[in-house]
Amino acid sequence: MHELDLFPGESAPLPLPSGLRRLAGFALPGQEALLAAIAGVLNAAPFRHMSTPGGRPMSVAMTNCGALGWISDRLGYRYAAHDPQSGQSWPPLPAVIRELAVAAAEQAGYAAFDPDVCLINRYAPGARMSLHQDRDERDLQAPIVSISLGLPAVFLFGGLQRRERPVRIPLRHGDVLVWGGPVRLAYHGVAPVQDGQHPRLGRERINLTLRRARESAPKLNGS
Ligand code: SIN
Ligand code: FE2
């Protein structure tokens, strides 16, 4: 268990499940390069509201960079090599984003993370993400690295069963969450984002989620 530091005025520290680490402010150094890289991706692959398999538009707007992109439509949830909106490959994963995620994973105890995909989520005030598992990836050994920017949010981190009550984890601009191992398939989500004005990003929260979607290269003996 790791102690969690709190927003000013909040009471007792929360214990975090083992396998989950919160790295407060980890993305702050170098944030301008990170924001520039995100802007480059958005130029090639703008945010869009995908629909659920049931046909309802999601409140969170999304795009991707990397070898594959996570998509949702009437056919279900999956990874696709092309952006369905443009028909082009997703923009490549910028080195600054990749390196930040690899460093965060290492700091959290997950050595040699080799992410190949990055989902970018945009939350306007009121947008939320209901509890779900990330299980469309082929490699479930690799951790998940989740970078939060802009407006604060409350991350909900539950158990391996949907019915388990989630812990509420406050996230601020620059915080990074890493989870894997025994909690790689934990249910998680985001409570509705409160309205506000972030000094750098305005009225939005941006989240980057890096994962290993394709099978990892086999490890060579002696390397
Ligand atoms: C997600 O689980 O895909 C979103 C996480 C977040 O926005 O913090
Ligand atoms: Fe998720």
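This report covers two groups of paired strands, one buried aspartate and one loop alanine in a predicted model.

**The open sheet**

Four strands make up an open sheet, ordered β8-β13-β10-β11. Their pairing is antiparallel. β8 (129-132) and β11 (167-171) are the edge strands. Each has a single partner strand, so one side of each lacks a neighbour in the sheet. From one strand to the next, the twist averages 20°.

Look next at β10, residues 153-157. Five bridges pair β10 with β11, in the antiparallel sense. Within that pairing, Ala153 has Leu171 of β11 as its bridge partner.

**Strands around β7 and β14**

Strand β7 spans residues 117-123. Six of its seven residues are buried, so β7 is largely enclosed by the rest of the structure. β7 pairs with β4 (residues 61-66) through six bridges. It also pairs with β14 (residues 205-211), through seven bridges. Both pairings are antiparallel.

β14 is mostly covered as well, with seven of its seven residues buried. Which residues point which way from β14? Arg205, Asn207, Thr209 and Arg211 point one way. Ile206, Leu208 and Leu210 point the other way. All of these residues are buried, arginines included.

β14 has a further antiparallel pairing, with β9, over six bridges. β9 covers residues 144-150. Arg205 of β14 appears in two of the residue pairs: it is the bridge partner of Tyr123, and it stands opposite Gly150.

The table lists the strand pairs with their bridge counts and example residues.

| Strand pair | Bridges | Residues paired |
|---|---|---|
| β4 and β7 | six bridges | Thr63 and Ile120 |
| β7 and β14 | seven bridges | Leu119 and Thr209 |
| β9 and β14 | six bridges | Gly150 and Arg205 |
| β10 and β11 | five bridges | Ala153 and Leu171 |

As a general point, strands of a sheet pair through backbone hydrogen bonds, in either a parallel or an antiparallel sense.

**Asp139, a buried acid**

Asp139 sits in the loop between β8 and β9. The residue is buried, yet it has no salt bridge. Where is the nearest side chain of opposite charge? It belongs to Arg212, 4.9 Å away. A salt bridge requires a distance within 4 Å, so this pair does not count as one.

What does the side chain of Asp139 reach instead? It reaches the backbone nitrogen of Ala142 at 3.1 Å. A polar contact of 2.3 Å also links the side chains of Asp139 and Ser216.

Leaving aside residues up to four places away in sequence, Asp139 touches Arg184, Arg212, Ala213, Arg214 and Ser216. Ser216 is thus on the list of residues touched and is also the partner in the side-chain polar contact.

**Ala112, an exposed loop residue**

Ala112 lies in the loop between α2 (95-107) and β7. Its phi is positive, at about 60°, although the residue is not a glycine. Is Ala112 buried or exposed? Its relative accessibility is 71%, so Ala112 counts as exposed. Asp139, also a loop residue, is buried.

Conventions:
Residues are numbered from 1 along each chain as its sequence is written. Chains are lettered from A and ligands numbered from 1 in the order in which they are written. This is a predicted model: local features need pLDDT of at least 70, side-chain atom pairs count only at pLDDT 80 or more; totals for chains, interfaces and linings use all residues. Side-chain values use heavy atoms; hydrogens and water are left out. Two strands pair if DSSP finds at least two bridges between them. Axes are lines fitted to C-alpha atoms, for helices over the stretch in contact, and angles run from 0 to 180 degrees between N-to-C directions. Buried means under 20% relative accessible area, exposed over 50%, partly exposed in between (1.4 Å probe, protein chains only). Lys and Arg count as positive and Asp and Glu as negative; His and the chain ends are not counted. A polar contact is a pair of N or O atoms within 3.5 Å; within protein, one must be able to donate a hydrogen and the other to accept it, and residues adjacent in sequence count only if both atoms are side-chain atoms. Contact means heavy atoms within 4.5 Å.
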